[in-house]
Amino acid sequence: MMEDTILVTGGAGFVGSHACIALHEAGFRPVILDNFSNASEKVLDQLERITGQRFPLVRGDIRDAATLRDAFQRYRFDAVFHFAALKAVGESVRNPLAYYENNVSGTVILLQVMQEWGVRSLVFSSSATVYGEPRYVPIDETHPIGSTNPYGWTKVIVEQLLRDAAKANPKFLALALRYFNPVGAHESGLLGEDPLGTPNNLVPFVAQTAIGRRDHVPVFGTDYQTADGTGVRDYIHVMDLAEGHVAAFRTHHEDSGFKPYNLGTGRGSSVLEVISAFEKSCGARIPWKSAPRRPGDVAVNWADPALAIKRFNWRAWRDLQTMTDDVWRWQSAYPNGLQERTL
Ligand code: WQD
(Lines give C-alpha, C1' and ligand atoms only; values in the text may rest on other atoms or scores of the structure.)
Protein backbone atom coordinates (compact mmCIF):
# COMPACT_ATOMS: atom_id res chain seq x y z
CA MET A 1 0.00 0.00 0.00
CA MET A 2 2.50 2.63 1.08
CA GLU A 3 5.03 3.21 -1.69
CA ASP A 4 2.34 2.19 -4.19
CA THR A 5 2.95 3.71 -7.61
CA ILE A 6 -0.07 5.68 -8.79
CA LEU A 7 -0.77 6.78 -12.37
CA VAL A 8 -2.27 10.28 -12.17
CA THR A 9 -3.91 11.10 -15.52
CA GLY A 10 -4.30 14.85 -15.96
CA GLY A 11 -1.74 15.18 -13.16
CA ALA A 12 -0.59 18.61 -14.35
CA GLY A 13 -4.13 20.00 -14.05
CA PHE A 14 -5.67 21.94 -11.18
CA VAL A 15 -7.03 19.08 -9.05
CA GLY A 16 -4.62 16.46 -10.42
CA SER A 17 -1.48 18.40 -9.45
CA HIS A 18 -2.75 19.04 -5.92
CA ALA A 19 -3.64 15.34 -5.67
CA CYS A 20 0.00 14.52 -6.52
CA ILE A 21 1.08 16.56 -3.48
CA ALA A 22 -1.39 14.74 -1.20
CA LEU A 23 -0.27 11.35 -2.61
CA HIS A 24 3.41 12.20 -2.08
CA GLU A 25 2.73 13.40 1.47
CA ALA A 26 0.94 10.11 2.19
CA GLY A 27 3.94 8.06 0.99
CA PHE A 28 2.75 7.14 -2.51
CA ARG A 29 4.69 7.55 -5.77
CA PRO A 30 2.68 9.58 -8.32
CA VAL A 31 3.50 9.33 -12.04
CA ILE A 32 1.94 12.14 -14.10
CA LEU A 33 0.38 11.56 -17.50
CA ASP A 34 -0.71 14.75 -19.25
CA ASN A 35 -1.09 16.04 -22.82
CA PHE A 36 -0.75 19.65 -21.58
CA SER A 37 -3.85 20.71 -23.53
CA ASN A 38 -5.01 22.70 -20.52
CA ALA A 39 -2.00 22.84 -18.19
CA SER A 40 1.51 24.26 -18.16
CA GLU A 41 4.58 21.98 -18.05
CA LYS A 42 5.90 24.35 -15.40
CA VAL A 43 3.51 22.66 -12.97
CA LEU A 44 6.12 19.89 -12.64
CA ASP A 45 8.76 22.41 -11.62
CA GLN A 46 6.40 23.85 -9.00
CA LEU A 47 5.56 20.36 -7.71
CA GLU A 48 9.29 19.71 -7.32
CA ARG A 49 9.73 22.98 -5.39
CA ILE A 50 6.83 22.06 -3.09
CA THR A 51 7.62 18.36 -2.50
CA GLY A 52 11.35 18.15 -3.23
CA GLN A 53 10.50 15.35 -5.66
CA ARG A 54 10.58 15.40 -9.49
CA PHE A 55 7.56 13.28 -10.35
CA PRO A 56 8.02 11.09 -13.44
CA LEU A 57 6.17 12.41 -16.47
CA VAL A 58 4.46 10.52 -19.29
CA ARG A 59 3.72 13.14 -21.93
CA GLY A 60 0.67 11.75 -23.71
CA ASP A 61 -3.03 11.33 -24.11
CA ILE A 62 -5.33 8.79 -22.46
CA ARG A 63 -6.72 8.05 -25.94
CA ASP A 64 -3.32 6.75 -27.09
CA ALA A 65 -3.28 3.07 -26.06
CA ALA A 66 0.36 2.60 -27.14
CA THR A 67 1.53 5.40 -24.83
CA LEU A 68 -0.54 3.96 -22.01
CA ARG A 69 0.84 0.44 -22.53
CA ASP A 70 4.43 1.73 -22.48
CA ALA A 71 3.74 3.54 -19.23
CA PHE A 72 2.05 0.52 -17.61
CA GLN A 73 4.98 -1.67 -18.64
CA ARG A 74 7.55 0.80 -17.36
CA TYR A 75 5.98 1.79 -14.03
CA ARG A 76 3.84 -1.24 -13.04
CA PHE A 77 1.14 0.96 -11.50
CA ASP A 78 -0.73 -0.22 -8.41
CA ALA A 79 -3.72 2.07 -9.07
CA VAL A 80 -4.93 4.94 -11.27
CA PHE A 81 -6.25 8.34 -10.19
CA HIS A 82 -8.08 9.57 -13.31
CA PHE A 83 -8.42 13.36 -13.68
CA ALA A 84 -7.77 13.82 -17.42
CA ALA A 85 -10.92 15.25 -19.02
CA LEU A 86 -12.37 18.30 -20.73
CA LYS A 87 -14.47 20.16 -18.16
CA ALA A 88 -15.99 23.39 -19.47
CA VAL A 89 -19.79 23.18 -19.41
CA GLY A 90 -20.34 25.89 -22.02
CA GLU A 91 -17.71 24.48 -24.39
CA SER A 92 -19.32 21.02 -24.08
CA VAL A 93 -22.61 22.46 -25.39
CA ARG A 94 -20.83 23.96 -28.41
CA ASN A 95 -18.59 20.92 -29.07
CA PRO A 96 -20.19 17.77 -27.58
CA LEU A 97 -18.30 15.26 -29.76
CA ALA A 98 -14.93 16.43 -28.45
CA TYR A 99 -16.25 15.88 -24.91
CA TYR A 100 -17.57 12.37 -25.60
CA GLU A 101 -14.37 11.44 -27.45
CA ASN A 102 -12.02 12.73 -24.75
CA ASN A 103 -13.94 11.95 -21.60
CA VAL A 104 -15.77 8.74 -22.54
CA SER A 105 -13.63 7.08 -25.25
CA GLY A 106 -10.49 8.11 -23.41
CA THR A 107 -11.71 6.39 -20.25
CA VAL A 108 -12.67 3.24 -22.18
CA ILE A 109 -9.12 2.97 -23.55
CA LEU A 110 -7.66 3.60 -20.10
CA LEU A 111 -9.85 0.88 -18.56
CA GLN A 112 -8.86 -1.58 -21.33
CA VAL A 113 -5.16 -1.04 -20.71
CA MET A 114 -5.68 -1.28 -16.93
CA GLN A 115 -7.38 -4.65 -17.52
CA GLU A 116 -4.51 -5.85 -19.74
CA TRP A 117 -2.03 -5.05 -16.96
CA GLY A 118 -4.17 -6.34 -14.10
CA VAL A 119 -4.50 -2.92 -12.45
CA ARG A 120 -7.77 -3.23 -10.59
CA SER A 121 -8.24 0.11 -8.73
CA LEU A 122 -9.46 3.40 -10.18
CA VAL A 123 -10.22 6.66 -8.37
CA PHE A 124 -12.36 8.69 -10.77
CA SER A 125 -12.72 12.47 -10.82
CA SER A 126 -16.50 12.75 -11.06
CA SER A 127 -18.65 15.81 -10.45
CA ALA A 128 -21.77 17.02 -8.70
CA THR A 129 -22.95 17.87 -12.19
CA VAL A 130 -24.07 14.21 -12.45
CA TYR A 131 -27.00 15.16 -10.22
CA GLY A 132 -28.39 17.60 -12.80
CA GLU A 133 -31.06 19.97 -11.45
CA PRO A 134 -31.09 19.45 -7.66
CA ARG A 135 -34.40 17.87 -6.55
CA TYR A 136 -33.39 18.59 -2.93
CA VAL A 137 -30.45 20.18 -1.11
CA PRO A 138 -28.14 19.21 0.49
CA ILE A 139 -27.50 16.53 -2.11
CA ASP A 140 -26.60 13.02 -0.94
CA GLU A 141 -25.38 10.08 -3.04
CA THR A 142 -28.93 8.70 -3.48
CA HIS A 143 -30.07 11.84 -5.34
CA PRO A 144 -31.32 11.03 -8.88
CA ILE A 145 -28.67 11.07 -11.61
CA GLY A 146 -29.00 13.00 -14.86
CA SER A 147 -27.44 16.05 -16.46
CA THR A 148 -28.27 19.31 -18.17
CA ASN A 149 -25.18 19.49 -20.42
CA PRO A 150 -22.87 17.22 -22.47
CA TYR A 151 -19.99 17.62 -19.99
CA GLY A 152 -22.22 16.36 -17.20
CA TRP A 153 -23.48 13.49 -19.39
CA THR A 154 -19.88 12.37 -20.02
CA LYS A 155 -19.46 12.04 -16.24
CA VAL A 156 -22.76 10.15 -15.95
CA ILE A 157 -21.75 7.80 -18.78
CA VAL A 158 -18.28 7.15 -17.35
CA GLU A 159 -19.85 6.33 -13.97
CA GLN A 160 -22.12 3.84 -15.78
CA LEU A 161 -19.03 2.39 -17.52
CA LEU A 162 -17.44 1.90 -14.11
CA ARG A 163 -20.56 0.27 -12.65
CA ASP A 164 -20.65 -2.21 -15.56
CA ALA A 165 -16.89 -2.88 -15.39
CA ALA A 166 -17.22 -3.56 -11.66
CA LYS A 167 -20.09 -6.00 -12.31
CA ALA A 168 -18.05 -7.82 -14.98
CA ASN A 169 -14.88 -8.00 -12.90
CA PRO A 170 -15.49 -8.77 -9.20
CA LYS A 171 -11.97 -7.62 -8.31
CA PHE A 172 -12.36 -4.15 -9.88
CA LEU A 173 -12.63 -1.14 -7.55
CA ALA A 174 -14.00 2.16 -8.87
CA LEU A 175 -14.34 5.12 -6.50
CA ALA A 176 -16.37 7.92 -8.17
CA LEU A 177 -15.63 11.09 -6.21
CA ARG A 178 -18.26 13.72 -7.02
CA TYR A 179 -16.76 17.17 -6.55
CA PHE A 180 -18.89 20.17 -5.78
CA ASN A 181 -16.96 23.41 -6.41
CA PRO A 182 -13.17 22.96 -6.18
CA VAL A 183 -11.38 26.25 -5.46
CA GLY A 184 -8.30 27.46 -3.61
CA ALA A 185 -4.58 26.88 -4.14
CA HIS A 186 -1.67 25.22 -2.39
CA GLU A 187 -0.67 27.24 0.72
CA SER A 188 2.84 27.80 -0.73
CA GLY A 189 1.41 30.11 -3.40
CA LEU A 190 3.40 28.13 -6.00
CA LEU A 191 0.44 26.28 -7.50
CA GLY A 192 -3.19 27.12 -8.19
CA GLU A 193 -6.03 27.25 -10.66
CA ASP A 194 -4.59 28.51 -13.95
CA PRO A 195 -7.31 28.41 -16.61
CA LEU A 196 -6.51 29.19 -20.23
CA GLY A 197 -8.49 32.15 -21.63
CA THR A 198 -11.48 33.71 -19.89
CA PRO A 199 -12.33 31.80 -16.70
CA ASN A 200 -15.71 30.06 -16.75
CA ASN A 201 -15.74 29.69 -12.98
CA LEU A 202 -16.33 32.34 -10.31
CA VAL A 203 -13.21 32.17 -8.16
CA PRO A 204 -10.55 32.44 -10.89
CA PHE A 205 -12.57 35.31 -12.39
CA VAL A 206 -12.65 37.12 -9.03
CA ALA A 207 -8.90 36.49 -8.62
CA GLN A 208 -8.11 37.91 -12.07
CA THR A 209 -10.29 40.96 -11.31
CA ALA A 210 -8.46 41.46 -8.01
CA ILE A 211 -5.09 41.35 -9.79
CA GLY A 212 -6.30 43.83 -12.44
CA ARG A 213 -6.62 41.48 -15.41
CA ARG A 214 -10.43 41.87 -15.53
CA ASP A 215 -12.43 45.06 -15.22
CA HIS A 216 -15.13 43.68 -12.91
CA VAL A 217 -16.87 40.48 -11.87
CA PRO A 218 -20.20 39.89 -13.65
CA VAL A 219 -22.60 38.50 -11.04
CA PHE A 220 -24.88 36.17 -12.98
CA GLY A 221 -28.23 36.85 -11.34
CA THR A 222 -28.95 38.85 -8.19
CA ASP A 223 -32.61 37.87 -7.93
CA TYR A 224 -32.37 34.24 -6.84
CA GLN A 225 -34.41 33.09 -3.81
CA THR A 226 -31.31 33.24 -1.57
CA ALA A 227 -30.32 35.46 1.36
CA ASP A 228 -28.54 38.03 -0.83
CA GLY A 229 -30.12 37.09 -4.19
CA THR A 230 -26.96 35.49 -5.62
CA GLY A 231 -26.18 31.84 -6.36
CA VAL A 232 -25.08 29.57 -3.50
CA ARG A 233 -22.53 26.76 -3.99
CA ASP A 234 -20.46 24.33 -1.93
CA TYR A 235 -16.88 25.56 -2.40
CA ILE A 236 -14.29 23.03 -1.27
CA HIS A 237 -10.56 23.75 -0.93
CA VAL A 238 -8.59 21.84 -3.57
CA MET A 239 -6.22 20.44 -0.89
CA ASP A 240 -9.20 19.13 1.11
CA LEU A 241 -10.38 17.55 -2.11
CA ALA A 242 -6.92 16.07 -2.81
CA GLU A 243 -6.64 14.66 0.72
CA GLY A 244 -10.14 13.22 0.30
CA HIS A 245 -8.90 11.19 -2.69
CA VAL A 246 -6.09 9.68 -0.64
CA ALA A 247 -8.43 8.98 2.29
CA ALA A 248 -10.90 7.27 -0.05
CA PHE A 249 -8.20 5.11 -1.62
CA ARG A 250 -6.69 4.17 1.74
CA THR A 251 -10.13 3.18 3.04
CA HIS A 252 -11.13 1.07 0.06
CA HIS A 253 -7.91 -0.15 -1.60
CA GLU A 254 -8.63 -3.77 -0.64
CA ASP A 255 -12.31 -3.60 -1.60
CA SER A 256 -14.04 -3.95 -4.95
CA GLY A 257 -17.14 -2.59 -6.64
CA PHE A 258 -18.42 0.82 -7.73
CA LYS A 259 -18.60 3.35 -4.87
CA PRO A 260 -19.75 6.96 -5.37
CA TYR A 261 -19.02 9.66 -2.78
CA ASN A 262 -19.74 13.38 -2.55
CA LEU A 263 -16.70 15.51 -1.75
CA GLY A 264 -17.95 18.84 -0.42
CA THR A 265 -17.99 20.83 2.81
CA GLY A 266 -21.75 20.59 3.45
CA ARG A 267 -21.84 24.40 3.61
CA GLY A 268 -23.05 26.85 0.95
CA SER A 269 -21.60 30.29 0.16
CA SER A 270 -23.14 32.95 -2.10
CA VAL A 271 -21.36 34.80 -4.90
CA LEU A 272 -21.30 37.99 -2.82
CA GLU A 273 -19.90 36.10 0.19
CA VAL A 274 -17.06 34.81 -2.03
CA ILE A 275 -16.35 38.33 -3.30
CA SER A 276 -16.41 39.70 0.24
CA ALA A 277 -14.01 36.99 1.48
CA PHE A 278 -11.71 37.78 -1.43
CA GLU A 279 -11.77 41.51 -0.57
CA LYS A 280 -10.52 40.58 2.90
CA SER A 281 -7.78 38.44 1.32
CA CYS A 282 -6.50 41.13 -1.06
CA GLY A 283 -7.29 44.16 1.15
CA ALA A 284 -9.15 46.00 -1.61
CA ARG A 285 -12.65 46.37 -3.02
CA ILE A 286 -13.46 44.09 -5.94
CA PRO A 287 -15.73 45.73 -8.55
CA TRP A 288 -18.74 43.69 -9.59
CA LYS A 289 -21.83 44.30 -11.71
CA SER A 290 -25.19 42.57 -11.78
CA ALA A 291 -25.57 40.53 -15.00
CA PRO A 292 -28.31 38.30 -16.43
CA ARG A 293 -28.64 34.80 -15.02
CA ARG A 294 -26.47 32.21 -16.80
CA PRO A 295 -28.54 29.55 -18.62
CA GLY A 296 -28.48 26.26 -16.73
CA ASP A 297 -27.47 27.80 -13.40
CA VAL A 298 -29.43 26.78 -10.32
CA ALA A 299 -30.03 28.98 -7.26
CA VAL A 300 -28.52 26.73 -4.63
CA ASN A 301 -26.44 23.58 -4.62
CA TRP A 302 -24.44 22.03 -1.84
CA ALA A 303 -23.33 18.59 -0.67
CA ASP A 304 -24.27 16.25 2.10
CA PRO A 305 -20.75 14.82 2.70
CA ALA A 306 -21.82 12.57 5.59
CA LEU A 307 -21.00 9.30 3.78
CA ALA A 308 -17.40 10.28 3.00
CA ILE A 309 -16.89 11.71 6.49
CA LYS A 310 -18.14 8.50 8.07
CA ARG A 311 -16.36 6.03 5.76
CA PHE A 312 -13.03 7.83 5.17
CA ASN A 313 -12.61 9.50 8.56
CA TRP A 314 -11.95 12.59 6.41
CA ARG A 315 -13.63 15.97 6.33
CA ALA A 316 -13.03 19.25 4.52
CA TRP A 317 -11.69 21.61 7.19
CA ARG A 318 -10.41 24.67 5.27
CA ASP A 319 -12.96 27.52 5.39
CA LEU A 320 -13.91 30.06 2.69
CA GLN A 321 -11.48 32.67 3.99
CA THR A 322 -8.62 30.18 3.78
CA MET A 323 -9.67 29.35 0.21
CA THR A 324 -9.59 32.98 -0.92
CA ASP A 325 -6.40 33.74 1.09
CA ASP A 326 -4.64 30.85 -0.66
CA VAL A 327 -5.93 31.88 -4.10
CA TRP A 328 -4.78 35.46 -3.53
CA ARG A 329 -1.27 34.32 -2.48
CA TRP A 330 -1.06 32.27 -5.73
CA GLN A 331 -2.59 34.89 -8.03
CA SER A 332 -0.54 37.80 -6.69
CA ALA A 333 2.66 35.74 -7.05
CA TYR A 334 1.73 34.66 -10.58
CA PRO A 335 -0.52 37.41 -12.06
CA ASN A 336 -0.56 35.69 -15.45
CA GLY A 337 -0.43 32.14 -14.17
CA LEU A 338 2.55 29.88 -14.81
CA GLN A 339 2.68 30.39 -18.53
CA GLU A 340 3.29 34.09 -19.17
CA ARG A 341 0.34 34.50 -21.52
CA THR A 342 -0.98 37.69 -23.08
CA LEU A 343 -4.18 39.03 -21.46
C1 WQD B 1 -20.48 29.42 -9.26
C2 WQD B 1 -21.48 30.55 -8.99
C3 WQD B 1 -22.55 31.36 -10.98
C4 WQD B 1 -18.88 33.04 -12.75
C5 WQD B 1 -19.25 24.53 -12.48
C6 WQD B 1 -19.55 23.29 -13.25
C7 WQD B 1 -19.32 22.07 -12.40
C8 WQD B 1 -17.94 22.10 -11.80
C9 WQD B 1 -17.71 23.41 -11.05
C10 WQD B 1 -16.49 20.72 -13.13
C11 WQD B 1 -22.76 30.41 -9.80
C12 WQD B 1 -21.69 32.44 -10.35
C13 WQD B 1 -19.80 32.39 -11.94
C14 WQD B 1 -18.95 34.45 -12.90
C15 WQD B 1 -20.85 34.48 -11.40
N16 WQD B 1 -16.97 21.95 -12.82
N17 WQD B 1 -20.76 33.10 -11.28
N18 WQD B 1 -19.94 35.12 -12.21
O19 WQD B 1 -21.50 26.62 -12.23
O20 WQD B 1 -21.49 25.96 -9.77
O21 WQD B 1 -20.14 24.64 -11.40
O22 WQD B 1 -17.93 24.48 -11.98
O23 WQD B 1 -16.72 19.66 -12.61
O24 WQD B 1 -19.45 20.95 -13.23
O25 WQD B 1 -20.93 23.33 -13.59
O26 WQD B 1 -19.42 26.94 -10.80
O27 WQD B 1 -17.84 28.80 -10.54
O28 WQD B 1 -19.12 28.57 -12.74
O29 WQD B 1 -20.32 29.31 -10.67
O30 WQD B 1 -21.73 35.13 -10.81
O31 WQD B 1 -18.15 35.10 -13.61
O32 WQD B 1 -20.90 31.76 -9.39
O33 WQD B 1 -23.76 31.90 -11.45
O34 WQD B 1 -23.83 30.90 -8.99
P35 WQD B 1 -20.76 26.09 -11.05
P36 WQD B 1 -19.10 28.44 -11.25
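Let me start with a convention: angles under 35 degrees count as roughly parallel, over 145 as roughly antiparallel, 65 to 115 as roughly perpendicular, and the rest as oblique. Keep that in mind for two helices. One more thing up front: this is a predicted model.

So, the helices. H9 covers residues 271-282, and H11 covers residues 320-333. Their axes come within 8 Å and cross at roughly 55°. That value is neither under 35 nor in the 65 to 115 range, so H9 and H11 are oblique to each other. What is the hand of the crossing where H9 passes H11? Right-handed.

Now the ligand. There are 17 residues around the ligand. Which of them come nearest? Tyr151, Pro218, Arg233, Arg294 and Asp297. By class, the shell splits into 8 nonpolar, 6 polar and 3 charged residues. Strand E8, residues 217-220, gives the most to this shell, with 3 residues.

Next, polar contacts. Arg294, one of the nearest residues, has a side-chain N or O atom 2.8 Å from a ligand oxygen. With Phe220, the backbone does the work: a polar backbone atom there is 2.9 Å from an oxygen atom of the ligand. For Ser127, we are back to the side chain, with an N or O atom 3.2 Å from a ligand oxygen.

How much of the ligand's accessible area does the protein cover? On its own, the ligand has 690 Å² of accessible area, and the protein covers 89% of that.

To recap: an oblique pair, H9 and H11, and a ligand with 17 residues around it.

Key: Residues are numbered from 1 along each chain as its sequence is written. This is a predicted model: local features need pLDDT of at least 70, side-chain atom pairs count only at pLDDT 80 or more; totals for chains, interfaces and linings use all residues. Side-chain values use heavy atoms; hydrogens and water are left out. A residue is near a molecule or strand if one of its heavy atoms lies within 4 Å of it. A polar contact is a pair of N or O atoms within 3.5 Å; within protein, one must be able to donate a hydrogen and the other to accept it, and residues adjacent in sequence count only if both atoms are side-chain atoms. Accessible areas come from the Shrake-Rupley method with a 1.4 Å probe; for residues, only the protein chains shown count as cover. Helices (H or I, at least four residues) and strands (E, at least two) are DSSP runs, numbered from the N terminus. Ala, Val, Leu, Ile, Met, Phe, Trp, Tyr, Cys and Pro count as nonpolar, Asp, Glu, Lys and Arg as charged, and the others, Gly among them, as polar. Axes are lines fitted to C-alpha atoms, for helices over the stretch in contact, and angles run from 0 to 180 degrees between N-to-C directions. A crossing is left-handed if the near helix is turned anticlockwise from the far one by less than a right angle, and right-handed if clockwise.
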